[in-house]
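Q: I am new to reading protein structures and would like some company. Could you pick out a starting place and take me through it closely, step by step?

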Amino acid sequence: MAKKMGRNDPCPCGSGLKYKKCCSGKSTIQHQSVKKMYAQKYNIRLKEKGEIQKIKRAGRLVLKTLDLVETQIKPGITTDEINTLVHEFTIKNGATPAPLNYRGFPKSVCVSVNEEICHGIPGERIFQDGDIANVDVTSILDGYYADVNKTFFVGSPSPEARKIVKVARESLKVALAMVGPGNTVGDIGWAIQKYAEGEGCSVVEEFTGHGIGFTFHEPPQVPHFGRKGEGIRLVPGMVFTIEPMVNLGSKELLILADNWTAVTKDGSLSAQFEQTVLVTNNGYESLTPFDL
């Protein structure tokens, strides 16, 4: 479980004093002090209440987009048809698909099938019965970003597909349990790695979660592996994604000739689930919540 800030913990404002001797009971002063320190030291921009509400609005839209995808994804359609669906629904709702033209990415959504780990470019690939497909949606609504993804079964899944999707889903669940003030970024990665490897799977290390809200990718990076107690300490107002990519086989990957699509080196299945998360005073709130 996420650990609540204790009175004897180091104060997150960076004074070097214990929390009880520094900012305890001074919530407004504490927040502004921490906000300034995190901006200067880590380039992390903590979010205020009004900004969080706008990210939540974008979060509701990306969730509705994924819900629509779930009703339409089936054997016989192409990954590009999913792209068209996401693009048109995003535009219809007054938002912009963040991936489109981002660093040259040519489509409005990432669709990664079977051995594809992430950043799959939608195209002519036709879904087959038994496929698994990760659909990763990021939208910009009124200038604010939210990011979410799920891995879906296409038709009837194999036992191997059921396993990797379950492990990826549970990996996000155990990670969320580590989010709260007083814990660290390393605690999140440690929880994912411990669980996934305990299930005989591997965790991709080349891609991480990331800060989000004002832009697509902000500090901090949130690795999905690591050591407990290491890394940046979590404080209220941090908003970031957790998006563990879990392979049924080896963690090694290759990048295809399109310079985007990452695939498992051994051809094994890969699955992923992602939510955008806010650190609160007592734990966390998902800004893109779905059942795990």
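A: Let's start with one residue, E48, which is partly exposed at a relative accessible area of 26%. Here buried means under 20% relative accessible area, exposed means over 50%, and partly exposed is in between, with a 1.4 Å probe and protein chains only. Before going on, please note that this is a predicted model, in which local features need pLDDT of at least 70 and side-chain atom pairs count only at pLDDT 80 or more, while totals for chains, interfaces and linings use all residues. Residues are numbered from 1 along each chain as its sequence is written, and side-chain values use heavy atoms, leaving out hydrogens and water.

The partner of E48 is K35: their side chains meet in a salt bridge, at 2.8 Å from N to O. E48 sits in the loop between α1 (27-42) and α2 (49-72), whereas K35 belongs to helix α1, so this pair ties together parts that are 13 residues apart in sequence. A salt bridge here is a side-chain nitrogen of Lys or Arg within 4 Å of a carboxyl oxygen of Asp or Glu. Helices (H or I, at least four residues) and strands (E, at least two) are DSSP runs, numbered from the N terminus. Like E48, K35 is partly exposed, with a relative accessible area of 23%.

The whole structure holds 8 salt bridges, so let me show you two others. R125 forms one with E115, and their closest N and O atoms are 3.7 Å apart. R125 lies in the loop between β3 (116-118) and β4 (132-141), and E115 in the loop between β2 (110-113) and β3, so the pair ties together parts that are 10 residues apart in sequence. R125 counts as partly exposed at 32% relative accessibility, and E115 does too, at 25%.

Next come K251 and E205, whose side chains meet in a salt bridge at 2.9 Å, N to O. K251 is in the loop between β10 (245-247) and β11 (253-255), while E205 is in the loop between β6 (202-203) and β7 (209-211), so this pair ties together parts 46 residues apart in sequence. K251 is partly exposed with a relative accessible area of 34%, and E205 is partly exposed with 30%. Going back to R125, salt bridges that share partners join it with E115 and E116 into one network.

Now for cysteines. A search of the whole structure finds 0 disulfides, a disulfide being a pair of cysteine sulfur atoms within 2.5 Å. C110 is in none, and the nearest cysteine sulfur to it, that of C118, is 7.6 Å away. C118 is likewise in no disulfide, with the sulfur of C110 as its nearest at 7.6 Å. Both count as buried, C110 at 9% relative accessibility and C118 at 3%.

S286 is another buried residue, with a relative accessible area of 11%, and its place is in strand β15 (residues 284-286). Its side chain makes a polar contact with the side chain of Q275 at 2.5 Å. A polar contact is a pair of N or O atoms within 3.5 Å; within protein, one must be able to donate a hydrogen and the other to accept it, and residues adjacent in sequence count only if both atoms are side-chain atoms. The side chain of S286 also reaches the backbone nitrogen of T288 at 3.2 Å. Leaving out residues up to four places away in sequence, S286 touches Q275, T276 and V277, where contact means heavy atoms within 4.5 Å.

Let's finish with a helix and a hairpin. Helix α5 (residues 185-198) has 14 residues and reaches 20 Å from its first C-alpha to its last, close to the 20 Å expected at 1.5 Å a residue, that is, 1.5 Å times one less than its number of residues. α5 is mostly covered, with 10 of its 14 residues buried, including V185, I188 and Y195. These buried residues of α5 pack against α4 (159-176), β6, β8 (218-222), β9 (239-242) and β10. After α5 comes G200, whose phi is positive, near 85°.

β8 also pairs with β7: 3 bridges join these two strands, which run antiparallel. Strands pair if DSSP finds at least two bridges between them. One of the bridges links G209 to V222 in β8. The two strands form a hairpin with 6 residues between them, and G213 in the turn has a positive phi of about 140°.
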